[in-house]
Amino acid sequence: MPALGFGTLIPDAALTITATRDALEAGFRHFDCAERYRNEREVGEALQAGLADGGIPREDIFVTTKLWNSNHRPERVESAFEGSLRRLKLNYLDLYLIHTPFAFQPGDEQDPRDQNGNVLYDQEVTLLDTWSAMESLVDNGKCRAIGLSDISLNALLPIYESSRIKPAVVQVESHPHLPETELLEFCKEKGIVLLAFAPLGHGMKPGLLEDPVITAIAARVGKTPAQVLLAWAVQRGTALLTTPKSAARARENFDISALPKDAFDEINSIRTRQRLNEVVKTGVPGFIPRGSST
Ligand SMILES: NC(=O)c1ccc[n+]([C@@H]2O[C@H](COP(=O)([O-])OP(=O)(O)OC[C@H]3O[C@@H](n4cnc5c(N)ncnc54)[C@H](OP(=O)(O)O)[C@@H]3O)[C@@H](O)[C@H]2O)c1
């Protein structure tokens, strides 16, 4: 799996296509998608055209997508997977993740709510039931690896211990204000890749890109704050996802290099702590507009 991943959580369809093409041209070879982003068709279109134009073989890219919460029932997993594959115009996936450990009411409504606006959870299925159906996808050869997303170490442990096929990847929010050190140590010990989302703190301002430690290091090493944050993520042994939306930013975010040891240590000693995305607590994504379903 290439450590530098391009994330496709882009609400606008046209921008999804141009940003994905720009990322491919800048050198990104790892693409993170999700059924819930409702833009797998656009990502598939951009990848197909980009691969053809650049003469890039399918095997040179790494594509992930994710099973949504309303498809956790084992009997829904294979058709959800096939739907994603079809929309992405691919005949296999490199990685399929359970998007969150929270099962929602099964069905085509991605955001099921009661009349008071409360999420309708599904109590009839366990995460292990869903994981077993994910293992069958690997068995049938259309999916090379499986993993989890938005999961805590406590929730990961029982899956790790009782699974036949171990999680290859765990995708969680991680950056200098939420380093997830304990989870990272567990992942390293077990050979699991920790795939960090929000490495730039979702670009929020004020936020990580303006953290004085980061801006001072950027000035010192002649890189941008974004490049410093991405380099730190790779240097500590995680893979990462970033979502630049212009060609210039795609080139900037791909052009990273190792930080000097003192800079790396300085970032590790930042003590600010902030979680930006509450999805890990509820299964409700923080950065996807409520409402319409596919
Ligand atoms: N599993 C989950 O629940 C989950 C949740 C969230 C995200 N994700 C995945 O992670 C991916 C990454 O998303 P993210 O929001 O976490 O990405 P991010 O790269 O941390 O943040 C993206 C934001 O940073 C800005 N940005 C990008 N490059 C920049 C640069 N060089 N300088 C300054 N600002 C820059 C962007 O601004 P512009 O918009 O102006 O370009 C955008 O606002 C998503 O696309 C998705 O695939 C997964």
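# A tour from Arg38 to the ligand

Select Arg38 first: this residue sits in the loop between strand 2 (30–32) and helix 2 (40–54). Helices (H or I, at least four residues) and strands (E, at least two) are DSSP runs, numbered from the N terminus. The model is predicted: local features need pLDDT of at least 70, side-chain atom pairs count only at pLDDT 80 or more, and totals for chains, interfaces and linings use all residues. Residues are numbered from 1 along each chain as its sequence is written, and side-chain values use heavy atoms, with hydrogens and water left out.

**Around Arg38**

Is Arg38 buried or exposed? Arg38 counts as partly exposed because its relative accessibility is 27%. Buried means under 20% relative accessible area, exposed over 50%, and partly exposed in between (1.4 Å probe, protein chains only).

Now add Gln110. Its side chain and that of Arg38 are joined by a polar contact of 3.5 Å. Such a contact is a pair of N or O atoms within 3.5 Å; within protein, one must be able to donate a hydrogen and the other to accept it, and residues adjacent in sequence count only if both atoms are side-chain atoms.

Next, pick Asp60. Along the chain, Asp60 and Arg38 are 22 residues apart; their C-alpha atoms are separated by 25 Å.

**Strand 4 and its partners**

Select residues 95–98, which form strand 4. Leu95 and Leu97 point one way, Tyr96 and Ile98 the other, and all are buried. In a regular strand the side chains alternate between the two faces of the sheet.

Show strand 3 (residues 62–67). Strands 3 and 4 run parallel, joined by four bridges. Two strands pair if DSSP finds at least two bridges between them. Look for Leu67, opposite Ile98. Then trace the chain from strand 3 through helix 3 (residues 74–88) to strand 4: this β-α-β crossover is right-handed. That is, with the strands pointing away from the viewer, the path from the first strand over the helix to the second runs clockwise.

Turn to strand 5 (residues 146–149), parallel to strand 4 and joined to it by three bridges. Which residue in strand 5 is the bridge partner of Leu97? Gly147 is. Helix 4 (residues 127–139) completes a right-handed β-α-β unit with strands 4 and 5.

**The ligand**

Finish at the ligand. Of the 27 residues around it (a heavy atom within 4 Å), Asp150, Ala198, His202, Thr243 and Lys245 come nearest. A polar side-chain atom of Asp150 lies 2.5 Å from a ligand oxygen atom. For Thr243, a polar side-chain atom lies 2.6 Å from an oxygen atom of the ligand.
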